[in-house]
Amino acid sequence: MVTREYSTTKEIIGPLIMVEGVEGITYGELTDIKLADGSTRRGSVLEVNGDRAIVQVFEGTAGLSPRDLTVKFLAKGIELGVSQDMLGRVFDGFGRPIDDGPAIIPEKWLNINGNPMNPYARDYPNEFIQTGISTIDLLNTLVRGQKLPIFSGSGLPHSRMAAQIARQARVLKTGEKFAVVFAAMGITFEESEFFIADFRRTGAIERAVLFMNLADDPAIERIAVPRMALTAAEFLAYEKDMHVLVILTDLTNYCEALREISAARKEVPGRRGYPGYLYTDLSTIYERAGRIKGKSGSITQFPVLTMPEDDKTHPIPDLTGYITEGQIIISRPLHAQGIYPPVDVLPSLSRLKDKGVGAGKTREDHADVMNQLYAAYARGKNAKELAVVLGESALSESDILMVKFADAFEDRFIRQGEDENRTIEESLAIGWDLLAMIPKSELKRVRDAYIEKYYPKKD
Amino acid sequence: MSNNEGVVVKVSGPLVVARGLSGARMYEMVRVGNHGLFGEIIEIRGDDYSIQVYEETEGIGPGQPVKRTGEALSVELGPGLIRSIYDGVQRPLDKLNAEYGDFIVRGAESAALDRSVEWVFDPVAKVGDVVQGGDVLGTVQESKLVVHKIMTPPNVSGKVTKIAPVTGNVDTTVAVIETDKGPLNVSMVQRWPVRQPRPVRRKLPPNVPLVTGQRVLDMFFPMAKGGTACVPGPFGSGKTVVQHQLAKWADANIVVYVGCGERGNEMTDVLMEFPELKDPQSGEPLMERTVLIANTSNMPVAAREASVFTGITIAEYFRDMGYSVALMADSTSRWAEAMREMSGRLEEMPGEEGYPAYLGSRIASFYERSGSVICQGSEERPGSLSIIGAVSPPGGDFSEPVVQATLRVVKVFWGLDDKLAFARHFPAINWLTSYSLYLDVVDKWANENLDPKWQERRSRAMAILQREAELEELVRLVGMDALPSEDRLLMQAAKMIREDFLHQNAFDDRDTYTSLPKQFRLLSVILHYYDEARPALAEGAPLSRLLSIEPLEDVSRAKLIPEDDTEAFESLKKRITEAIQALPR
């Protein structure tokens, strides 16, 4: 075996080091980088060109000096040791336990890049997941195997919402095993404490695996975090038959780390300096959601990202929207009104909702109620805008009713408590209560039979 | 001097540089590294051969071997293509699933055409016939809908010395042709390099519409058989639904659907739905005429680059049999991004937004493989290949390079608009910005074959929509009430065209497909109302009553009238006339 340790680092550029005179090195190889003081950092090979290898250092290159580095190539990619015992545990961004618990004895080691799922092996996502949040369950229904991101902005309560979903999410059938894999990328200590404390307080931690990379942790490590999380999720889903909900927050930090590496490599930048392969890279994360024919487990993703300047056309939300199956958009005006969770109902969308609702899944009237609530709220919002331009007096009687409806909808349907876990029946009941504000003849999107059956009886 | 084996010197993502392959040609296929991964030579500089590799390159490094195959990236063409689902380099995904499991592992291999299937070859040519490239030797019933014609390979001509009915797999010899270079055994399978267009006898201008059953497309922005169209739109505007609708209902004999860098679950949707759906012409499952190529976004990027070429070569092959073929590519933006990624790795000088300078010519060369043609062969067989490409512009900005390069070559532009999608108007095709350069051709065809008033009705309806857009500006400033009565009536007619004609529900069994005659009748009813109401208004009939006559309710449901019920439209027209005449003047 040729020696695979080199002290021939020649260049350090940003998060990258360049090692010369190497032999037999392969692309994607994991490396141990020993410093003069005896500490080690981890890296992976981004490019090999003849006898030169470019290595990205996950912990960053601060404090490194070319002369006193020893780079050891480990002849394998980055792997995660997985085990069912990971449930209930907290790990750092590299999969090392940080909760003072014992080390994990892995059942097997898996390459964190995984393999692409064969489209032919996929099963179509069509089973309802109840999150306990009305705006999601009733209007933007989540199904198993879907990837539905939260588009948020700085200062908005997406973390609280993500925690609430992690806590409450369940499938309606009994006896199914459910787990949450949570990956934090570059979030603050406070946010991270909030999640961990929340998971502990509610006992959700028992069925959760947490990967934590905080804002002051190495930025480059963020490249590995979502892949670590998804590798653990795939193991739990496809080998332990669990329904896994993966929450990734915050993808914006991930993309920034990617941009940093791209810039250090002097690659031709795409939009806003992000690399041209951002779409492909993001898809290798998001596309790991899904179901497989013949397996009972599933992976559902809830990525969270903050839109810079609340701009939906920024490359990160834009490319995400092209890959994911819809989006939940958080509204700043609703948040300012003190409404939690401030889901902007109209532009939010779950592309797979139609497959997960109806008799046998939720309730027969679900689709009709959803369309009617949506239409009525849209009309109410329009009428409100009109009132701003032309004055309240310009509104017709039915417009005034719709404005009232929109206000009540925001107050009673959208607004709910952080610990309020509404069943789909409760959400539907609130929906019907609100629809009762509108004359029956105006409920054009609901079938007569359902109006007959569900329209609240007046005393 | 040429070498059959070289060594890797550089690896950067999907790009590998090798040395010592002298004699290798551009676009030749090679096997890379200890894993024998498939790759294609895309640049030669001195002794440095740049190779794009179709699989994940982790574990490949300098010193590992690279072997030449001597052949360009090619596809296998023969019976068994229909109902298949392939990845970007024609590996059958169903077979890979059975052999290698639920995830695509590296180095997985499986023959594109299943060798275990036996086909019945029925000869058409006879011993002694002199045949040339493209001439039909015999037929194979491939699926309920497709008679697969076994043709003389494009570059072969000579005298048939042996031909007989046989049953066997695709490799079975079905005929022997005596050529200049000696006897040639012809089997049911051909190989063809994907980057090279298959030859045709000559190209013709398209002159027949490709009927899609989608009202906004067929009536206002029609596509011709052998034409090209693009569907750009921001996310959430319904590109994929439009593409699926076309794949389902377009009146082509063969549909090739290329899912290029898109969602895995969408391909699953197609896979689950197409075997269930019935072709409106034949009543057979749509899958019986469909070939699927699925290279989802997380599958290797180089194979994504190849996937559209794989798709179009298969499509050309069926066109050569004399079929009308439609190819849908969703999305060409992901294909362009794959080119950009490879270009960046090659350290080429970038053009606009990092895309390679040859983006435009590459896109043009793809769309130019479409066409209405006389196929190769002596029998003057007509065939056609239509291409419909989806484009996903970042941020919905149509000024970006891929949309612009595409618009320079395609003849039909179906612009999706997220404002319409937001208002739940589907298909969200903007009728003000979209266009079709086949309008004249299709008008002429429709006037002759359907109704002499086709063109006149269509252009009047469009004029109403255009006028509505102008008036809307005004309404925004002064309010609806300030408009003169005639204009308010026009607004009503426009609203009816939008809601009762253009709006079409892809998920409603009755509404998802509308034949051309029914489209014409439906539009005629709406125009009939306008034509009757206008003079009535001039004679003093009250506007508010005109806007709310009772038959209008039925007009809004007229799209659900069964296809064969022509009577319903006539009686609806009559009731409109009566209701308007009954109004006080």
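**Why do we call it that?**

Visitor: How many salt bridges are counted between domain 2 of chain A and domain 3 of chain A?

Guide: There are 3 salt bridges between domain 2 of chain A and domain 3 of chain A. Keep in mind that this is a predicted model.

Visitor: What makes the meeting of Arg201(A) and Asp419(A) a salt bridge?

Guide: Check the distance. Their side chains come to 4.0 Å, N to O. The rule wants a side-chain nitrogen of Lys or Arg within 4 Å of a carboxyl oxygen of Asp or Glu, so the pair Arg201(A) and Asp419(A) qualifies.

Visitor: Where do these domains sit in chain A?

Guide: Domain 1 covers 4-73, domain 2 covers 79-354 and domain 3 covers 366-454. The C-alpha centres of domains 2 and 3 of chain A are 31 Å apart.

Visitor: With centres 31 Å apart, how do you know that domain 2 of chain A and domain 3 of chain A are in contact?

Guide: Contact goes by heavy atoms within 4.5 Å, so the centres don't decide it. By that rule, 29 residues of domain 2 of chain A are in contact with 24 residues of domain 3 of chain A. Polar contacts turn up as well: 17 residue pairs across that interface, both residues at pLDDT 80 or more. On the side of domain 2 of chain A, α1(A) gives the largest share, 5 residues.

Visitor: And how much area do domain 2 of chain A and domain 3 of chain A bury between them?

Guide: About 2,300 Å², with 57% of it on carbon and sulfur atoms. In domain 2 of chain A, the residues losing the most area to domain 3 of chain A are Ser134(A), Leu138(A) and Leu346(A), together 30% of what that side buries.

Visitor: Let's move to the two chains. What area is buried between chain B and chain A?

Guide: About 5,000 Å², and carbon and sulfur atoms give 54% of that. Each chain puts 58 residues into the contact. On the chain B side, Phe235(B), Arg263(B) and Asn265(B) lose the most area to chain A, together 17% of what that side buries.

Visitor: Why is the pair Lys355(A) and Asp269(B) called a salt bridge?

Guide: Their side chains meet at 3.4 Å, N to O. The limit is 4 Å, so Lys355(A) and Asp269(B) make a salt bridge. The count between chain B and chain A is 3 salt bridges, plus 27 residue pairs in polar contact, both at pLDDT 80 or more. The largest share of the chain B side, 7 residues, comes from α4(B).

Visitor: Gly145(A) next: why is Gly145(A) classed as buried or exposed?

Guide: The relative accessible area of Gly145(A) is 0%. Buried means under 20%, so Gly145(A) is buried. You'll find Gly145(A) in the loop between β13 and β14 of chain A.

Visitor: Which residues does Gly145(A) touch?

Guide: Leaving out residues up to four places away in sequence, the list includes Pro125(A), Arg291(A), Glu325(A) and, from chain B, Asn265(B). Take Arg291(A): Gly145(A) and Arg291(A) are 146 residues apart in sequence, yet 5.3 Å apart in space, C-alpha to C-alpha.

Visitor: What are Tyr27(B) and Glu347(B), exposed or partly exposed?

Guide: One of each! Tyr27(B) has a relative accessible area of 26%. That falls between the 20% and 50% cut-offs, so Tyr27(B) is partly exposed. Glu347(B) has 60%, over the 50% cut-off, so Glu347(B) is exposed.

Visitor: What is phi of Tyr27(B) near, and of Glu347(B)?

Guide: Phi is near 65° for Tyr27(B), a positive value in a residue other than glycine. For Glu347(B) phi is near 60°, also positive and also not in a glycine. Tyr27(B) lies in the loop between β2 and β3 of chain B, while Glu347(B) lies in the loop between α6 and α7 of chain B.

Visitor: Last stop, the core. How many residues does the largest nonpolar core have?

Guide: It has 92 residues, and Ile388(B), Trp414(B) and Tyr529(B) have the most contacts inside it. Helix α13 of chain B, residues 516-538, gives the largest share of this core, 12 residues. Apart from it lies another core, of 74 residues, among them Leu81(B) and Tyr367(B).

Methods
Residues are numbered from 1 along each chain as its sequence is written. Chains are lettered from A and ligands numbered from 1 in the order in which they are written. This is a predicted model: local features need pLDDT of at least 70, side-chain atom pairs count only at pLDDT 80 or more; totals for chains, interfaces and linings use all residues. Side-chain values use heavy atoms; hydrogens and water are left out. A nonpolar core is a set of buried Ala, Val, Leu, Ile, Met, Phe, Trp, Tyr and Cys residues joined through side-chain atoms within 4.5 Å. Buried means under 20% relative accessible area, exposed over 50%, partly exposed in between (1.4 Å probe, protein chains only). Helices (H or I, at least four residues) and strands (E, at least two) are DSSP runs, numbered from the N terminus. Domain bounds come from an automatic or database domain assignment. Buried area is the accessible area (1.4 Å probe) that two parts lose on being put together, summed over both. A polar contact is a pair of N or O atoms within 3.5 Å; within protein, one must be able to donate a hydrogen and the other to accept it, and residues adjacent in sequence count only if both atoms are side-chain atoms.
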